[in-house]
Amino acid sequence: MHTPGAPDDAGSSVQRGLANVHERIATAAARCGRDPATVRLLAVSKRQSEQKIREAYAAGQRDFGESYAQELVGKSSLAAELTGLRFHMIGHVQRNKCGALAGLVSAVHSVDSVRLARELGRRAALAPVPAERRLLLGAELAVFVEVNLGSEAQKAGCSPAELPSVLAAVEDEPALALIGLMAIPEGEGEAEASRRAFQALAELRERQGGARRLPELSMGMSRDLEVAVECGTSWVRVGTDIFGARARA
């Protein structure tokens, strides 16, 4: 019997990529005394084909990250077809796209303003995520607040000073579940630069209620995932090391 999403080649490059990334996570976790099961992999599938997503799904991957609302909507049929597949929005979200994403995404990693939190909450209440695709039971939409640690003009994210008001806005929305913080470090993935950023995000979490209020951290990509694991991340976001080069925009 053919499994939905299964590739014709059982040894596909996508499956090998997934296995390699899981091995890296396990090795990094062992090195710092963590249970590898506490680190979850978000396969970044932006500008990747539906076939590659199917191959990753067939290999056991269930969480996929997308950055562009229009592209994500174009892949929406996969969420209906592949049981348990969860799409996460990791790119900047414009408020006028919240309606299109409602009921489709299981988590948003990039909430960075009070106004966006309110609009996502309103839309999630009108079109909740189906129960089988929720990241948390009972929560219509899981939310990470993105922090721009370096105040970089070209990056999204709220400033550390704005963080308390954004967190409070998310918590004020009954259809949203505040689960953590997200950040993208400065630079090109140099280990120590990433470490400083990841430690800064962990320190911000402690100042805002700690793991009890913000149990998850979304930080670390293919270039610096080992450092992120050492710094306590809950999610690593990896794309090309799983899927290969992205299609041109």
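Which residues of strand 2 (residues 63–66) lie on one side, which lie on the other, and are they buried or exposed? D63 and G65 occupy one side of strand 2, F64 and E66 occupy the other, and all of them are buried, so that both faces of the strand are covered. Here buried means under 20% relative accessible area, exposed means over 50%, and partly exposed lies in between, with a 1.4 Å probe and protein chains only. Helices (H or I, at least four residues) and strands (E, at least two) are DSSP runs numbered from the N terminus.

The model is predicted: local features need pLDDT of at least 70 and side-chain atom pairs count only at pLDDT 80 or more, whereas totals for chains, interfaces and linings use all residues. Residues are numbered from 1 along each chain as its sequence is written, and side-chain values use heavy atoms, with hydrogens and water left out.

Strand 2 has partners in strand 1 and strand 3, where two strands are said to pair if DSSP finds at least two bridges between them. With strand 1 (residues 40–44), the pairing is parallel and runs over 2 bridges; A43 stands opposite F64 of strand 2. Between these two strands the chain passes through helix 2 (residues 50–58), forming a right-handed β-α-β crossover. The term right-handed applies if, with the strands pointing away from the viewer, the path from the first strand over the helix to the second runs clockwise. With strand 3 (residues 86–89), strand 2 also pairs in the parallel sense, over 4 bridges, and E66 stands opposite M89 of strand 3.

The loop between strand 1 and helix 2 contains R47. The phi angle of R47 is near 55°, a positive value in a residue other than glycine. R47 counts as partly exposed because its relative accessibility is 32%. Another arginine, R62, lies over the face of Y57, at 3.8 Å from the ring centre; the criterion is that NZ of Lys or CZ of Arg is within 6 Å of the ring centre and within 35 degrees of the ring normal.

Attention now turns to the interior. In soluble globular proteins, nonpolar side chains tend to be buried together. A nonpolar core is a set of buried Ala, Val, Leu, Ile, Met, Phe, Trp, Tyr and Cys residues joined through side-chain atoms within 4.5 Å. The largest such core has 63 residues, and F64, V145, L181 and I242 have the most contacts inside it. Helix 1 (residues 13–31) gives the most to this core, with 6 residues. A second, separate core of 12 residues includes V44, L135, A142 and M182. Beyond residues up to four places away in sequence, I242 touches S13, V14, G17, L18, V21, L41 and A43; contact means heavy atoms within 4.5 Å.

C98 and E230 offer two further views of the fold. C98 belongs to helix 5 (residues 98–101) and counts as buried because its relative accessibility is 1%. Not counting residues up to four places away in sequence, C98 touches V93, L116, E119, L120 and R123. C98 and E119 are 21 residues apart in sequence and 6.9 Å apart in space, C-alpha to C-alpha. E230, in helix 10 (residues 225–230), is partly exposed because its relative accessible area is 31%. Apart from neighbours within four places in sequence, E230 is in contact with R31, C32 and R195.
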